[in-house]
Amino acid sequence: MAAARTSQRIDSAAAAESENPDAGEVAPEEAVVPVGTAFAGIRREFGLPGEFPTAALAEAEQAVAEPLSSAERTDATGLPLVTVDPEGSKDLDQAVLLRRRGRRGFRVHYAIADTAAFVAPGGALDRETFRRGQTLYLPDGNIPLHPPLLSEGAASLLPEQVRPAVLWTVDLDSHGAPIRVDVRRAVVRSVAALDYRGLLRSFEAGEPHPAVELLPEVGLLRREQTTHRGAIELGLPEQRVEFSDSSGWRLGLRPRMWLEAFNAEISLLTGMCAAEIMLAAGVGVLRTVPDPDEEAVLGLRRSAERLGVYWPPEQSPAEFLSALEPSRPESLALHVAGTRLLRGAGYTAFRDGKPAVVGHAGIGAAYAHVTAPLRRLVDRLCTEICLAVVAGRPVPEWVREGIVELPSAMGNSDRLASRVERACIAQVQAWELADRLGEVFTATVLRTDGEAGTGEVFVPEPPVIARCRGAELVRGQRVSVRLVDVDSAHREVLFELADAPSG
């Protein structure tokens, strides 16, 4: 079985301490738990949605049964688009094609699943998507935003299937900057469903799919602009849950592939273009993270000074963090401390002009969600705004009314998704360490609370983030820690300092 999509970066681990100690039923500590039942207790604890309401399913079935209308849709089935996703994915939101534009520049074709073709405004399915907000991913199965007959079927950009889509066409100059943007409804046909590992092997063999052979070149150009924009990126390891028949549920670290980073740049590019379209029209929804305040930056500078890491006065936080050597423990601690720079994330809806806060500090630009409508509610409505603005039509009233509810709906679903991810990771940590009490591990100290005599450590093998006792804990240093308590029922793990810190 492929690695599960449930994962979390270590910067969220501080909140992983049990928010509800009544975790419900859990698996026996040494049992290999069958896929599909392992995390039932977490599903019950958080009251996660089950089956879709009958009326919502009926609407979905009716939408699928109706023939696809080609009215106002460009026939783009001749474009050899491909999807690029984790292995085994069925909810395929995006299909891409990269081409050169003359001797200078590039053209990006980016087809996005058109969920609005299947979800009637104001209907039962529409209401249910507002209730859910987004797809929730658990290691033993997801809880989809849309019924699977849509998200994994009629609306998904599956290979060799004609599908309704919203086609973005973005022309880039020779430096990778957008100079022209078009968005319209279309019908498309993906010619292949690629996965990251297979695509990586094809690049290594010098035989990538023609649709994405320019991805390294375009992706690198876009990456080079990231620091220049002042984007604050945190290079943090990401835990993931894995399953095998022999060892059951285990933790791993999600590898960082250049291919994924470059592919993500196409999505970010589209989201930034969407934000500019909506800002120009004075109506839309942005994903916002305010610029860090002076105290947050000074706090990070103080952390760097305490850890003995030089930060040139003229260097911005984005430049400083991007220049850190990722393998060093003090770098890891500084990236964790850097999470304070990215507080206040939210969704900003506006209908009567440009809002006061428009930027996303983690991206260094205005940004909007439009590229994952199968998995995220906000994308469908933002896409409708962009389509109307570019076509010179009024934004539909149902969209103008709906965006008022989006910050609350998306904020609630984001918080729920984060809590569920943390609970799943914490549960697997407890299961995996249950029979290792008393063992000593090498760890990096991420945070400390001197007054309480405790802190938080990252153990790379197995990749665990947990509380640790010890008055001598020093942030950013490698230490030896002993596992002293595991409580699977409450998803808690506790270490204690085994010896004095070392550099």
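Is W398 buried, exposed or partly exposed? Select it and keep it on screen while we start the tour; what you are looking at is a predicted model. With a relative accessibility of 28%, W398 counts as partly exposed, because the buried class stops under 20% and the exposed class begins over 50%.

**Stop 1: around W398**

W398 sits in helix α12, residues 397-402. Now add P121 to the selection. The two are 277 residues apart in sequence, yet their C-alpha atoms are 6.8 Å apart in space. Setting aside neighbours within four places in sequence, W398 is in contact with P121, R380, L381 and E384. Hold on to R380 and L381, as both turn up again in the contact of α11 with α3.

**Stop 2: α11 against α13**

Colour helix α11, residues 377-391, and helix α13, residues 406-433. Their axes are 10 Å apart and the packing angle is about 150 degrees. That makes α11 roughly antiparallel to α13, because angles over 145 degrees fall in that class. Show side chains where they meet: α11 brings L377, V378 and L381, and α13 brings L406, A409 and M410. By type, this contact has 6 nonpolar residues, with no polar and no charged ones.

**Stop 3: L406 and the cores**

Stay on L406 and show what surrounds it. Beyond four places in sequence, L406 touches F130, V285, L377, V378, L381 and G411. L406 also belongs to the largest nonpolar core, a set of 86 residues, where L406 and W168 have the most contacts. To see which helix gives the most to this core, select α7, residues 258-281, which supplies 10 residues. There is also a second, separate core with 38 residues; A38, L138, F243 and L433 are among them.

**Stop 4: α3 and its two partners**

F130, one of the residues touching L406, takes us to helix α3, where F130 takes part in the contact with α11. Select α3 and α11 together: their axes are 8 Å apart, at an angle of about 120 degrees. The two helices are therefore oblique to each other. From α3 come D126, T129 and F130, and from α11 come L377, R380 and L381. This contact divides into 3 nonpolar residues, 1 polar and 2 charged.

Next, swap α11 for helix α2, residues 54-65, and keep α3, residues 124-132. Here the axes come within 7 Å and cross at roughly 120 degrees. The crossing of α2 and α3 is left-handed. On the α2 side pick A55, A56, E59 and A60; on the α3 side pick A124, L125 and E128. Of the residues in this contact, 5 are nonpolar, none is polar and 2 are charged.

**Stop 5: two buried strand residues**

Leave the helices and jump to V188, in strand β9, residues 178-189. At 2% relative accessibility, V188 counts as buried. Draw a distance from V188 to T77: the C-alpha atoms are 4.2 Å apart, although 111 residues separate the two along the chain. If you expand the selection to residues that V188 touches beyond four places in sequence, you get A76, T77, L81, A111, L157, Q161, V162, R163 and A165.

One name there, L157, leads on, since L157 is also touched by T83. T83 lies in strand β3, residues 82-85. It has a relative accessible area of 0%, so T83 is buried. Its contacts beyond four places in sequence also include L92, Q94, A95, S190, A192, A193 and L194.

**Stop 6: backbone oddities in the loops**

Which residues have a positive phi of about 60 degrees without being glycine? Try E160, which shows this phi although it is not a glycine. E160 is found in the loop between α4 (148-154) and β8 (162-172). With a relative accessible area of 48%, E160 is partly exposed.

The other is R491, again with a positive phi of about 60 degrees and again not a glycine. Look for R491 in the loop between β20 (478-487) and β21 (492-497). At 7% relative accessibility, R491 counts as buried.

End the tour at P462, in the loop between β18 (454-460) and β19 (463-469). Show the backbone and check the peptide bond from E461 to P462: it is cis, with omega near -10 degrees.

Key. Residues are numbered from 1 along each chain as its sequence is written. This is a predicted model: local features need pLDDT of at least 70, side-chain atom pairs count only at pLDDT 80 or more; totals for chains, interfaces and linings use all residues. Side-chain values use heavy atoms; hydrogens and water are left out. A nonpolar core is a set of buried Ala, Val, Leu, Ile, Met, Phe, Trp, Tyr and Cys residues joined through side-chain atoms within 4.5 Å. Buried means under 20% relative accessible area, exposed over 50%, partly exposed in between (1.4 Å probe, protein chains only). Helices (H or I, at least four residues) and strands (E, at least two) are DSSP runs, numbered from the N terminus. Contact means heavy atoms within 4.5 Å. Axes are lines fitted to C-alpha atoms, for helices over the stretch in contact, and angles run from 0 to 180 degrees between N-to-C directions. A crossing is left-handed if the near helix is turned anticlockwise from the far one by less than a right angle, and right-handed if clockwise. Ala, Val, Leu, Ile, Met, Phe, Trp, Tyr, Cys and Pro count as nonpolar, Asp, Glu, Lys and Arg as charged, and the others, Gly among them, as polar. Angles under 35 degrees count as roughly parallel, over 145 as roughly antiparallel, 65 to 115 as roughly perpendicular and the rest as oblique.
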